[in-house]
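Please open the model in your viewer and keep the sequence panel beside it. The tour below goes from one selection to the next and says what is there at each stop.

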Amino acid sequence: MMTKYVVVGGGIAGVTCAETLSSLCPEDEILLITASPLIKAITNYKKITKTLEEFDVEERPNISLQSKCENVKVVQKSVSSLDAKSHVLRLDDGQEVVYQKICLCTGGKPKLIADQNPYVIGIRDTESVQEFQKRLSTARRVMVVGNGGIATELVYEIEGCEVIWAIKDKSISSTFVDPGAGEFFMAELNKKKKTQEVKPSKRLKYTVDDIKKPGSDNSPIGGALGPDWSADLSMTGTQEISHCVTVEKCVEVRAIHTKQEFEESGKRCCDLSGNPDQGSWPIYIELTNDKVYGCDFLVSATGVVPNTAPFLPGNQFLLADDSGIRVDDMMRTSEKDVYAAGDVCTAGWEPAKHWLQMRLWSQARQMGAYSAQCMVADMQGQRISLDFCFEVFAHVTKFFNYKVILLGKFNAQGLGRDYEILLRVTKGLEYVKVVLRDGRMEGAILIGETDLEETFENLILNQTDLTPFKDHLLDPDIDIEDFFD
Ligand code: FAD
């Protein structure tokens with residue numbers, strides 16, 4: 001088979017890349033190869049500010065992309081290898097695809113601690129969430145390990161089950177927010193969940209079970225979940241309790257013992273109050289602070305490793321320190337005519353002063369769209385400049401049912417000690433943090449309905465000297481929008 005443009009992966013990056021190629025080159029055939037029977041479709045796309053965007057993600061049968069983009073053909077197969085020099089891709093059934101340009105969008109795999117242990121699970125796709133729900137429904141106590149978005153969402157959502165949240169840092173949710181905001185959220189940990197308005201789901205939901213899998217029994221590698229993945233799911237254990245979360249800070253998992261190993265070890269385990277625990281558990285988890293907890297299972301939410309395996313043998317891809325495929329400012333890898341986008345790649349260009357890469361769906365979408373533009377421009381002998389979305393880091397999410405907006409160097413990343421912080425906190429309502437250097441705004445964390453995102457984004461982009469205003473910048477009685485108009 002011979003195709004001008006090939007995209008590998010049906011996640012947000014791959015689908016956006018294929019859709020963009022389709023609109024830029026309506027005459028060319030585009031082939032999307034994906035291991036999963038469902039693709040991720042972006043819906044309700046909304047720009048909140050110049051760089052902040054919000055959207056929903058629906059899982060749809062692969063065929064839906066072909067109906068939407070007539071020149072895109074979707075093939076549900078796994079890629080087994082790539083011969084970049086000869087421009088040939090090999091699929092798991094032995095079929096070969098010859099391409100002119102290819103974009104690799106194979107995402108990442110959960111980085112599991114103890115990946116052979118049947119009591120350790122990761123959360124990545126719809127199937128892994130279903131497995132998690134099934135296990136939780138009979139669980140009395142679970143341990144969640146990790147301090148990023150997935151762990152934070154899980155501890156908020158799990159009810160009816162004791163949760164031990166083991167983090168290696170001093171404060172919770174530290175992948176995204178600073179210790180101050182971590183403290184702000186700590187107060188929410190054991191509160192009863194805020195009742196949310198129950199709305200009928202507007203989204204069409206498909207599960208992998210709805211879709212007939214092809215031939216093999218091997219489960220396909222699904223794409224990462226999208227926004228709201230946890231919102232409508234029942235995450236309830238067997239106990240008659242709402243939230244019951246104990247945080248173990250500055251720890252890692254030292255060992256996971258079976259019941260027999262634990263009994264033979266002579267070690268003691270404790271309950272959530274630190275008293276000896278006489279219960280019987282499937283696993284006993286030993287932390288580096290010497291505490292041992294009996295649990296039904298452990299959720300490993302410790303990040304992802306870029307899914308590069310099929311592409312590396314026989315090729316000369318430059319990899320970054322985090323094992324992602326390095327791409328330049330045109331999304332090109334070090335192999336000719338091979339591009340990469342989304343979780344699988346690492347931005348290898350000199351980043352703009354206020355941008356950083358994080359493996360998020362907004363960046364997967366932006367990289368997918370931009371890589372398609374770069375592929376087409378190169379085919380036409382043109383050069384385009386780096387998309388504006390890579391000027392300022394901007395992310396909107398929800399933690400503990402609070403809106404969270406992160407802008408620029410929101411955690412003073414890379415600023416050393418050379419910065420100052422302005423803070424406005426109203427417990428249970430909002431947390432506003434501004435990072436300033438030389439009187440200029442470098443980044444901000446906005447938690448709650450602050451309405452400050454647009455003004456702050458502009459202040460970061462324009463690098464306005466705020467020295468004369470800094471004492472009033474966060475004054476709630478001043479309408480800052482009018483001030484800088
Ligand atoms: P993926 O979505 O992983 O897609 C990879 C695709 O490649 C899949 O279709 C897969 O089937 C296919 N594939 C893999 N290997 C092969 C192969 N050999 N051959 C063919 N096809 C292959 N981001 C946020 O911004 N905010 C959040 O709150 C957030 N929460 C998250 C919660 C969870 C539980 C998870 C797992 C992720 C979360 N993320 C969040 C991260 C976000 O989902 C990812 O950054 C984003 O979806 C990555 O998209 P992608 O297209 O690069 O990769």
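A residue is called buried when its relative accessible area is under 20%, exposed when it is over 50% and partly exposed in between, with a 1.4 Å probe and protein chains only. The model is predicted, so local features need pLDDT of at least 70 and side-chain atom pairs count only at pLDDT 80 or more, while totals for chains, interfaces and linings use all residues. Residues are numbered from 1 along each chain as its sequence is written, and side-chain values use heavy atoms, with hydrogens and water left out.

Begin with Glu59, which is buried because its relative accessible area is 14%. Glu59 belongs to strand 4 (residues 53-61); helices (H or I, at least four residues) and strands (E, at least two) are DSSP runs, numbered from the N terminus. If you add Thr126 to the selection, you will find its C-alpha atom 9.2 Å from that of Glu59, although the two residues are 67 residues apart along the chain.

Next, select strand 2 (residues 30-34), where 5 of the 5 residues are buried, so this strand is largely enclosed by the rest of the structure. Its two faces are both covered, with Ile30, Leu32 and Thr34 buried on one side and Leu31 and Ile33 buried on the other. Strand 1 (residues 2-8) pairs with strand 2 in the parallel sense over 4 bridges, two strands being counted as paired if DSSP finds at least two bridges between them. Within this pairing, Tyr5 is placed opposite Ile30. Following the chain from strand 1 through helix 1 (residues 12-24) to strand 2, you trace a β-α-β crossover that is right-handed, meaning that, with the strands pointing away from the viewer, the path from the first strand over the helix to the second runs clockwise. Strand 2 is also joined to strand 5 (residues 72-76), which runs parallel to it, by 5 bridges, and in strand 5 Val75 is the bridge partner of Ile33.

Now move to the open sheet that 3 strands form in the order 14-15-16, with antiparallel pairing. Strand 14 (253-258) and strand 16 (292-295) are its edge strands, each pairing on one side only. Neighbouring strands here are turned by 25° against each other on average, direction ignored, where axes are lines fitted to C-alpha atoms, for helices over the stretch in contact, and angles run from 0 to 180 degrees between N-to-C directions. Strand 14 and strand 15 (residues 283-287) are joined by 5 bridges, and Thr258 has Ile283 as its bridge partner in strand 15.

Two loop residues come next. Asp290, in the loop between strand 15 and strand 16, has a phi near 75°, a positive value in a residue other than glycine, and Asp290 is exposed, with a relative accessible area of 55%. Ser323 lies in the loop between strand 18 (304-306) and strand 19 (325-327); its phi is likewise near 75°, and at 30% relative accessibility Ser323 counts as partly exposed.

Finish by selecting Trp355, Leu360, Ser362, Gln363, Gln366, Cys389, Val392, Phe393 and Ala394, which line the second largest cavity. Its volume is about 50 Å³. By class, this lining has 6 nonpolar, 3 polar and no charged residues, and helix 7 (residues 361-379) gives the most to it, with 3 residues.

Technical notes
1 Å grid on protein atoms, 1.4 Å probe; cavity = no way out; pocket = protein on both sides within 12 Å on 5 of 7 lines; lining within 4 Å. Points joined across faces, edges and corners; volume = space filled by probe spheres on them. Nonpolar A, V, L, I, M, F, W, Y, C, P; charged D, E, K, R; others polar.
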